[in-house]
Amino acid sequence: MHTNPTGRRRPHRVTWRRSLASGAITVVLAAGLGAVGTGPAQALAGPVRADDGARITAEKKIASREVDVAIDSPALGRAVKTRILLPKNWTRNATATWPVLYAYHGGQDDYTSWTRNTDIEAWAAKYNVIVVMPEGDNGSYTDWYNYGKGGTPRWETFHTAEVRQLMERNYHAGALRAVIGNSSGGAGAMSYAARHPGMFKYAASLSGILSMRSIGMPALLMFTNAGNGQDPFAIWGVPWSDDANWAAHDPYSLAPKLRGTGLFFSAGTTGRPGPGDPDVAPWDIGLLSEIAVGANNRDFQKRLSELNIPYTAHIYGDGRHNWPAWVREAGAVWPTLMKSIGARKV
(Lines give C-alpha, C1' and ligand atoms only; values in the text may rest on other atoms or scores of the structure.)
Protein backbone atom coordinates (compact mmCIF):
# COMPACT_ATOMS: atom_id res chain seq x y z
CA MET A 1 0.00 0.00 0.00
CA HIS A 2 2.15 2.82 -1.27
CA THR A 3 1.54 6.36 -2.46
CA ASN A 4 1.82 7.18 -6.16
CA PRO A 5 3.54 10.58 -6.19
CA THR A 6 4.08 10.56 -9.95
CA GLY A 7 0.37 10.83 -10.72
CA ARG A 8 0.82 8.73 -13.84
CA ARG A 9 -1.92 6.31 -12.89
CA ARG A 10 -5.54 7.24 -12.56
CA PRO A 11 -6.29 8.18 -8.91
CA HIS A 12 -8.52 5.79 -7.00
CA ARG A 13 -11.83 7.08 -5.75
CA VAL A 14 -11.89 7.80 -2.01
CA THR A 15 -15.04 8.89 -0.20
CA TRP A 16 -14.76 10.72 3.12
CA ARG A 17 -17.43 10.82 5.83
CA ARG A 18 -17.12 13.02 8.90
CA SER A 19 -18.84 12.05 12.14
CA LEU A 20 -20.39 15.22 13.57
CA ALA A 21 -20.47 13.70 17.04
CA SER A 22 -16.81 12.74 17.32
CA GLY A 23 -15.08 14.63 14.54
CA ALA A 24 -13.47 11.38 13.41
CA ILE A 25 -12.84 10.83 9.73
CA THR A 26 -13.75 7.62 7.98
CA VAL A 27 -12.30 6.60 4.65
CA VAL A 28 -14.70 4.42 2.71
CA LEU A 29 -12.64 2.32 0.36
CA ALA A 30 -13.74 2.16 -3.24
CA ALA A 31 -10.57 1.13 -5.01
CA GLY A 32 -8.04 2.74 -2.70
CA LEU A 33 -7.20 3.44 0.93
CA GLY A 34 -7.02 6.98 2.27
CA ALA A 35 -4.04 8.49 4.05
CA VAL A 36 -3.65 8.16 7.81
CA GLY A 37 -1.56 11.33 8.20
CA THR A 38 -2.81 14.80 8.97
CA GLY A 39 -2.63 16.06 5.38
CA PRO A 40 -5.19 15.68 2.59
CA ALA A 41 -6.24 12.30 1.22
CA GLN A 42 -3.76 10.74 -1.17
CA ALA A 43 -4.34 8.58 -4.21
CA LEU A 44 -3.12 5.15 -3.16
CA ALA A 45 -2.74 1.71 -4.61
CA GLY A 46 -5.71 -0.44 -3.59
CA PRO A 47 -5.34 -2.26 -0.27
CA VAL A 48 -3.78 -5.69 -0.72
CA ARG A 49 -5.98 -8.62 0.25
CA ALA A 50 -5.15 -11.63 2.38
CA ASP A 51 -4.62 -14.98 0.71
CA ASP A 52 -8.25 -16.01 1.19
CA GLY A 53 -9.64 -12.70 -0.08
CA ALA A 54 -10.08 -10.95 3.27
CA ARG A 55 -9.91 -7.22 2.64
CA ILE A 56 -9.89 -3.87 4.36
CA THR A 57 -13.03 -1.99 3.38
CA ALA A 58 -12.77 1.16 5.51
CA GLU A 59 -10.29 3.05 7.63
CA LYS A 60 -11.26 5.48 10.39
CA LYS A 61 -8.74 7.84 11.93
CA ILE A 62 -9.16 7.90 15.72
CA ALA A 63 -6.07 9.94 16.60
CA SER A 64 -2.89 11.06 14.83
CA ARG A 65 -1.41 7.55 14.97
CA GLU A 66 -4.48 5.46 15.80
CA VAL A 67 -6.83 4.00 13.20
CA ASP A 68 -9.69 1.53 13.06
CA VAL A 69 -10.13 -0.64 10.01
CA ALA A 70 -13.12 -2.66 8.89
CA ILE A 71 -12.20 -6.11 7.58
CA ASP A 72 -14.46 -8.16 5.34
CA SER A 73 -13.51 -11.63 6.57
CA PRO A 74 -14.28 -14.89 4.73
CA ALA A 75 -13.07 -16.76 7.83
CA LEU A 76 -15.83 -15.17 9.90
CA GLY A 77 -18.42 -14.73 7.20
CA ARG A 78 -18.89 -11.09 8.17
CA ALA A 79 -17.11 -7.78 8.61
CA VAL A 80 -15.42 -6.87 11.91
CA LYS A 81 -13.13 -4.13 13.22
CA THR A 82 -9.47 -3.96 14.20
CA ARG A 83 -7.71 -1.08 15.94
CA ILE A 84 -4.10 -0.19 15.05
CA LEU A 85 -1.53 1.99 16.82
CA LEU A 86 1.21 3.24 14.49
CA PRO A 87 4.68 4.43 15.54
CA LYS A 88 5.75 8.05 15.18
CA ASN A 89 8.01 7.44 12.20
CA TRP A 90 5.50 5.32 10.29
CA THR A 91 4.59 6.39 6.74
CA ARG A 92 2.43 4.84 4.06
CA ASN A 93 5.15 4.72 1.45
CA ALA A 94 7.85 3.28 3.70
CA THR A 95 9.95 0.41 2.47
CA ALA A 96 10.90 -0.63 6.02
CA THR A 97 8.82 -2.85 8.30
CA TRP A 98 8.11 -2.45 12.01
CA PRO A 99 7.97 -4.96 14.86
CA VAL A 100 4.39 -5.69 15.85
CA LEU A 101 2.50 -6.58 19.01
CA TYR A 102 -0.90 -8.24 18.79
CA ALA A 103 -3.17 -7.55 21.79
CA TYR A 104 -6.23 -9.79 22.28
CA HIS A 105 -9.21 -8.99 24.48
CA GLY A 106 -11.35 -11.18 26.73
CA GLY A 107 -14.97 -12.26 26.58
CA GLN A 108 -17.83 -9.76 26.64
CA ASP A 109 -15.47 -7.13 25.25
CA ASP A 110 -14.27 -5.92 21.86
CA TYR A 111 -11.39 -4.50 19.82
CA THR A 112 -11.52 -1.19 21.74
CA SER A 113 -10.94 -2.94 25.05
CA TRP A 114 -7.20 -2.33 25.39
CA THR A 115 -7.35 1.37 24.56
CA ARG A 116 -10.42 1.84 26.76
CA ASN A 117 -9.00 0.16 29.86
CA THR A 118 -5.23 0.66 29.72
CA ASP A 119 -2.56 3.20 28.82
CA ILE A 120 -1.50 1.13 25.83
CA GLU A 121 -1.33 4.19 23.56
CA ALA A 122 1.21 5.82 25.89
CA TRP A 123 3.15 2.57 26.31
CA ALA A 124 3.32 2.07 22.55
CA ALA A 125 4.24 5.69 21.80
CA LYS A 126 7.57 5.19 23.57
CA TYR A 127 8.62 2.47 21.15
CA ASN A 128 9.12 1.90 17.46
CA VAL A 129 6.27 -0.62 17.31
CA ILE A 130 2.94 -1.29 15.64
CA VAL A 131 0.18 -2.51 17.97
CA VAL A 132 -2.75 -4.43 16.48
CA MET A 133 -5.94 -5.05 18.48
CA PRO A 134 -8.36 -7.20 16.49
CA GLU A 135 -11.94 -8.10 17.26
CA GLY A 136 -12.21 -11.39 19.12
CA ASP A 137 -15.98 -11.73 19.42
CA ASN A 138 -16.76 -13.20 22.87
CA GLY A 139 -13.30 -14.65 23.28
CA SER A 140 -13.50 -17.68 20.99
CA TYR A 141 -9.88 -17.88 19.89
CA THR A 142 -10.36 -20.93 17.73
CA ASP A 143 -11.80 -22.12 14.44
CA TRP A 144 -15.11 -23.49 15.66
CA TYR A 145 -15.49 -27.25 15.63
CA ASN A 146 -19.22 -27.06 14.80
CA TYR A 147 -19.80 -30.72 15.66
CA GLY A 148 -17.02 -31.81 13.33
CA LYS A 149 -18.35 -29.86 10.35
CA GLY A 150 -16.00 -26.87 10.62
CA GLY A 151 -17.01 -23.68 8.85
CA THR A 152 -17.49 -20.21 10.28
CA PRO A 153 -16.58 -18.60 12.53
CA ARG A 154 -12.87 -19.35 12.16
CA TRP A 155 -11.33 -16.96 14.64
CA GLU A 156 -7.88 -18.54 14.62
CA THR A 157 -7.72 -18.16 10.84
CA PHE A 158 -8.93 -14.58 11.12
CA HIS A 159 -6.25 -13.66 13.67
CA THR A 160 -3.23 -15.64 12.54
CA ALA A 161 -3.75 -15.47 8.78
CA GLU A 162 -6.15 -12.74 7.66
CA VAL A 163 -5.29 -9.98 10.13
CA ARG A 164 -1.59 -10.82 10.07
CA GLN A 165 -1.40 -10.76 6.28
CA LEU A 166 -3.44 -7.56 6.01
CA MET A 167 -1.20 -5.80 8.55
CA GLU A 168 1.96 -6.98 6.82
CA ARG A 169 0.76 -6.15 3.31
CA ASN A 170 -0.89 -2.82 4.07
CA TYR A 171 0.67 -1.35 7.23
CA HIS A 172 4.30 -2.54 7.05
CA ALA A 173 4.03 -4.89 10.03
CA GLY A 174 7.12 -7.09 10.07
CA ALA A 175 7.95 -10.67 10.95
CA LEU A 176 9.08 -9.82 14.50
CA ARG A 177 5.87 -10.41 16.44
CA ALA A 178 4.76 -10.70 20.06
CA VAL A 179 1.31 -11.32 21.49
CA ILE A 180 -0.48 -10.46 24.73
CA GLY A 181 -4.02 -11.16 25.89
CA ASN A 182 -6.22 -10.96 28.95
CA SER A 183 -8.62 -13.69 30.10
CA SER A 184 -9.71 -15.68 27.04
CA GLY A 185 -7.41 -13.45 24.99
CA GLY A 186 -4.54 -14.69 27.13
CA ALA A 187 -5.53 -18.30 26.46
CA GLY A 188 -5.75 -17.44 22.78
CA ALA A 189 -2.30 -15.84 22.80
CA MET A 190 -0.70 -18.93 24.36
CA SER A 191 -2.67 -21.36 22.18
CA TYR A 192 -1.74 -19.53 18.97
CA ALA A 193 1.93 -19.41 19.97
CA ALA A 194 1.89 -23.19 20.46
CA ARG A 195 -0.16 -24.00 17.37
CA HIS A 196 2.00 -21.77 15.15
CA PRO A 197 5.56 -22.28 16.43
CA GLY A 198 7.82 -19.41 15.46
CA MET A 199 5.01 -16.99 14.66
CA PHE A 200 5.56 -15.06 17.90
CA LYS A 201 8.82 -14.27 19.65
CA TYR A 202 6.98 -13.81 22.94
CA ALA A 203 3.53 -14.68 24.31
CA ALA A 204 1.98 -13.18 27.45
CA SER A 205 -1.22 -14.35 29.13
CA LEU A 206 -2.98 -12.32 31.84
CA SER A 207 -5.44 -14.52 33.77
CA GLY A 208 -5.95 -16.88 30.84
CA ILE A 209 -7.05 -20.50 31.21
CA LEU A 210 -3.91 -22.35 30.16
CA SER A 211 -4.94 -25.91 31.00
CA MET A 212 -8.34 -26.34 29.36
CA ARG A 213 -8.79 -29.99 30.29
CA SER A 214 -8.00 -29.70 34.00
CA ILE A 215 -10.73 -30.80 36.40
CA GLY A 216 -13.63 -28.36 36.23
CA MET A 217 -12.23 -26.28 33.37
CA PRO A 218 -14.38 -27.66 30.54
CA ALA A 219 -17.48 -26.96 32.64
CA LEU A 220 -16.29 -23.43 33.44
CA LEU A 221 -15.51 -22.69 29.80
CA MET A 222 -18.83 -24.04 28.57
CA PHE A 223 -20.76 -22.19 31.29
CA THR A 224 -19.00 -18.96 30.35
CA ASN A 225 -19.59 -19.38 26.62
CA ALA A 226 -23.21 -20.34 27.14
CA GLY A 227 -23.60 -17.15 29.16
CA ASN A 228 -22.24 -15.25 26.17
CA GLY A 229 -25.09 -16.60 24.06
CA GLN A 230 -22.98 -19.18 22.25
CA ASP A 231 -23.45 -22.91 21.76
CA PRO A 232 -20.65 -24.19 24.03
CA PHE A 233 -20.41 -27.56 22.27
CA ALA A 234 -19.90 -25.91 18.88
CA ILE A 235 -16.63 -24.23 19.86
CA TRP A 236 -14.25 -27.08 20.73
CA GLY A 237 -16.77 -29.94 20.71
CA VAL A 238 -18.23 -32.03 23.51
CA PRO A 239 -15.71 -32.64 26.31
CA TRP A 240 -14.34 -36.19 26.46
CA SER A 241 -16.07 -37.40 23.31
CA ASP A 242 -14.26 -34.70 21.29
CA ASP A 243 -11.23 -34.68 23.56
CA ALA A 244 -8.74 -34.79 20.67
CA ASN A 245 -9.96 -31.40 19.47
CA TRP A 246 -9.85 -29.96 22.99
CA ALA A 247 -6.27 -31.22 23.36
CA ALA A 248 -5.33 -29.71 19.99
CA HIS A 249 -6.15 -26.23 21.36
CA ASP A 250 -5.03 -26.66 24.98
CA PRO A 251 -1.82 -24.78 25.93
CA TYR A 252 -1.04 -27.41 28.58
CA SER A 253 -1.26 -30.23 26.05
CA LEU A 254 0.63 -28.19 23.45
CA ALA A 255 3.35 -27.08 25.87
CA PRO A 256 6.25 -28.85 24.07
CA LYS A 257 5.56 -26.65 21.04
CA LEU A 258 6.19 -23.52 23.12
CA ARG A 259 9.89 -24.26 23.44
CA GLY A 260 11.81 -21.38 21.89
CA THR A 261 9.04 -18.82 22.51
CA GLY A 262 9.39 -16.35 25.35
CA LEU A 263 6.56 -16.92 27.84
CA PHE A 264 4.91 -14.86 30.56
CA PHE A 265 1.73 -15.66 32.44
CA SER A 266 0.09 -14.30 35.57
CA ALA A 267 -3.02 -14.84 37.67
CA GLY A 268 -4.39 -14.34 41.18
CA THR A 269 -5.03 -17.14 43.64
CA THR A 270 -6.70 -15.98 46.87
CA GLY A 271 -10.13 -14.83 45.75
CA ARG A 272 -9.64 -11.53 47.57
CA PRO A 273 -9.70 -8.08 45.94
CA GLY A 274 -6.33 -6.62 44.99
CA PRO A 275 -5.16 -3.01 44.58
CA GLY A 276 -7.67 -0.98 42.60
CA ASP A 277 -10.33 -3.70 42.62
CA PRO A 278 -13.93 -2.85 43.55
CA ASP A 279 -15.19 -3.70 47.02
CA VAL A 280 -17.32 -6.72 46.16
CA ALA A 281 -18.76 -9.65 48.10
CA PRO A 282 -16.59 -12.74 48.61
CA TRP A 283 -18.87 -14.72 46.29
CA ASP A 284 -18.36 -12.25 43.43
CA ILE A 285 -17.80 -14.16 40.17
CA GLY A 286 -14.73 -12.08 39.39
CA LEU A 287 -13.10 -13.24 42.62
CA LEU A 288 -14.22 -16.86 42.45
CA SER A 289 -13.22 -17.28 38.81
CA GLU A 290 -9.72 -15.94 39.49
CA ILE A 291 -9.18 -18.65 42.12
CA ALA A 292 -9.85 -21.26 39.43
CA VAL A 293 -7.69 -19.43 36.88
CA GLY A 294 -4.82 -19.12 39.36
CA ALA A 295 -4.86 -22.85 40.13
CA ASN A 296 -5.02 -23.53 36.42
CA ASN A 297 -1.98 -21.36 35.76
CA ARG A 298 -0.09 -23.29 38.43
CA ASP A 299 -0.88 -26.51 36.56
CA PHE A 300 0.55 -24.96 33.41
CA GLN A 301 3.60 -23.73 35.31
CA LYS A 302 4.26 -27.24 36.61
CA ARG A 303 3.96 -28.65 33.11
CA LEU A 304 6.53 -26.20 31.70
CA SER A 305 8.89 -26.92 34.58
CA GLU A 306 8.66 -30.66 33.94
CA LEU A 307 9.55 -30.01 30.29
CA ASN A 308 12.39 -27.63 31.23
CA ILE A 309 10.83 -24.89 29.09
CA PRO A 310 11.86 -21.40 30.28
CA TYR A 311 9.09 -19.04 31.38
CA THR A 312 8.34 -16.09 33.64
CA ALA A 313 5.30 -16.47 35.88
CA HIS A 314 3.70 -14.07 38.33
CA ILE A 315 1.20 -16.14 40.27
CA TYR A 316 0.19 -13.45 42.73
CA GLY A 317 -2.20 -13.57 45.66
CA ASP A 318 -4.96 -10.97 45.84
CA GLY A 319 -6.59 -9.83 42.64
CA ARG A 320 -9.95 -10.00 40.89
CA HIS A 321 -10.50 -11.16 37.31
CA ASN A 322 -10.58 -7.62 35.97
CA TRP A 323 -8.61 -4.77 34.43
CA PRO A 324 -6.85 -3.27 37.47
CA ALA A 325 -4.76 -6.44 37.78
CA TRP A 326 -4.25 -6.77 34.02
CA VAL A 327 -3.08 -3.17 33.69
CA ARG A 328 -0.39 -3.79 36.32
CA GLU A 329 0.70 -7.06 34.72
CA ALA A 330 0.72 -5.66 31.18
CA GLY A 331 2.72 -2.62 32.25
CA ALA A 332 5.26 -4.82 33.98
CA VAL A 333 5.80 -7.16 31.03
CA TRP A 334 5.71 -4.44 28.36
CA PRO A 335 9.48 -3.77 28.23
CA THR A 336 10.13 -7.50 27.86
CA LEU A 337 7.63 -7.73 25.01
CA MET A 338 9.30 -4.81 23.26
CA LYS A 339 12.79 -6.25 23.74
CA SER A 340 11.71 -9.63 22.36
CA ILE A 341 10.79 -8.10 19.00
CA GLY A 342 13.56 -5.53 18.84
CA ALA A 343 11.28 -2.53 19.27
CA ARG A 344 13.48 0.46 20.04
CA LYS A 345 12.64 3.37 22.30
CA VAL A 346 11.94 6.60 20.42
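# Ring pairs, pockets and one buried strand residue

Student: Is Tyr311 buried, partly exposed or exposed?

Tutor: The model is a predicted one, and in it Tyr311 has a relative accessible area of 26%. A residue counts as buried under 20% and as exposed over 50%. The value for Tyr311 falls in between, so the class of this residue is partly exposed.

Student: In what way are the rings of Trp90 and Tyr171 arranged as an aromatic pair?

Tutor: The count of aromatic pairs comes to 12. In the pair made by Trp90 and Tyr171, the ring centres lie 6.1 Å apart and the planes meet at 25°. Planes under 30 degrees apart count as stacked, so the arrangement of Trp90 and Tyr171 is stacked.

Student: How many residues apart in sequence are the parts that this pair ties together?

Tutor: Trp90 belongs to the loop between β5 and β6, while Tyr171 belongs to the loop between α3 and β8. Their pairing therefore ties together parts whose separation in sequence is 81 residues.

Student: What relative accessible area does Tyr171 have?

Tutor: Both partners of the stacked pair are buried, Trp90 with a relative accessible area of 3% and Tyr171 with a value that also falls under the 20% limit. For Tyr171 the relative accessible area is 0%.

Student: Which arrangement do the rings of Phe265 and Tyr311 take?

Tutor: The centres of these two rings are 5.5 Å apart, and their planes stand at 35°, so the pair of Phe265 and Tyr311 is tilted. Phe265 sits in strand β10 and Tyr311 in the loop between α8 and β11, which places the partners 46 residues apart. Phe265 is buried at 0% relative accessibility, and the arrangement asked for is tilted.

Student: Which residue does Arg303 lie over?

Tutor: Arg303 is placed over the face of a ring, at 5.4 Å from the ring centre. The limit for a charge over a ring is within 6 Å of the centre, and the ring that Arg303 covers is that of Tyr252.

Student: Which helix gives the most to the lining of the largest pocket?

Tutor: The largest pocket has a volume of about 860 Å³ and a lining of 36 residues, with Gly107, Ser183, Ser184, Thr224 and His321 nearest its centre. Helices α4, α5, α8 and α9 each supply at least two residues of that lining. The helix that gives the most, with 6 residues, is α5.

Student: Which residues of the second largest pocket's lining are charged?

Tutor: The second largest pocket holds about 160 Å³ of space, and its lining includes Arg213, Ser214, Asp243 and Trp246. Helices α5 and α7 are the elements that give two or more residues to this lining. By class it has 6 nonpolar, 2 polar and 2 charged residues, and because Arg and Asp count as charged, the charged ones are Arg213 and Asp243.

Student: How far apart in space are Ile84 and Met167, C-alpha to C-alpha?

Tutor: Ile84 is located in strand β5 and is buried, with a relative accessible area of 0%. Beyond its neighbours within four places in sequence, the residues in contact with Ile84 include Val67, Ile130, Met167 and Tyr171. Although Ile84 and Met167 are 83 residues apart in sequence, their C-alpha to C-alpha distance is 9.1 Å.

Technical notes: Residues are numbered from 1 along each chain as its sequence is written. This is a predicted model: local features need pLDDT of at least 70, side-chain atom pairs count only at pLDDT 80 or more; totals for chains, interfaces and linings use all residues. Side-chain values use heavy atoms; hydrogens and water are left out. On a 1 Å grid over the protein atoms alone, a cavity is a set of points where a 1.4 Å probe fits but cannot get out, and a pocket is an open set with protein on both sides within 12 Å along at least five of seven lines; lining residues have an atom within 4 Å of a point. Grid points are joined across faces, edges and corners, and a volume is the space filled by probe spheres set on the points. Helices (H or I, at least four residues) and strands (E, at least two) are DSSP runs, numbered from the N terminus. Rings of Phe, Tyr and Trp (its six-membered ring) pair if their centres lie within 6.5 Å; planes under 30 degrees apart count as stacked, over 60 as edge-to-face and the rest as tilted. Buried means under 20% relative accessible area, exposed over 50%, partly exposed in between (1.4 Å probe, protein chains only). A charge sits over a ring if NZ of Lys or CZ of Arg is within 6 Å of the ring centre and within 35 degrees of the ring normal. Contact means heavy atoms within 4.5 Å.
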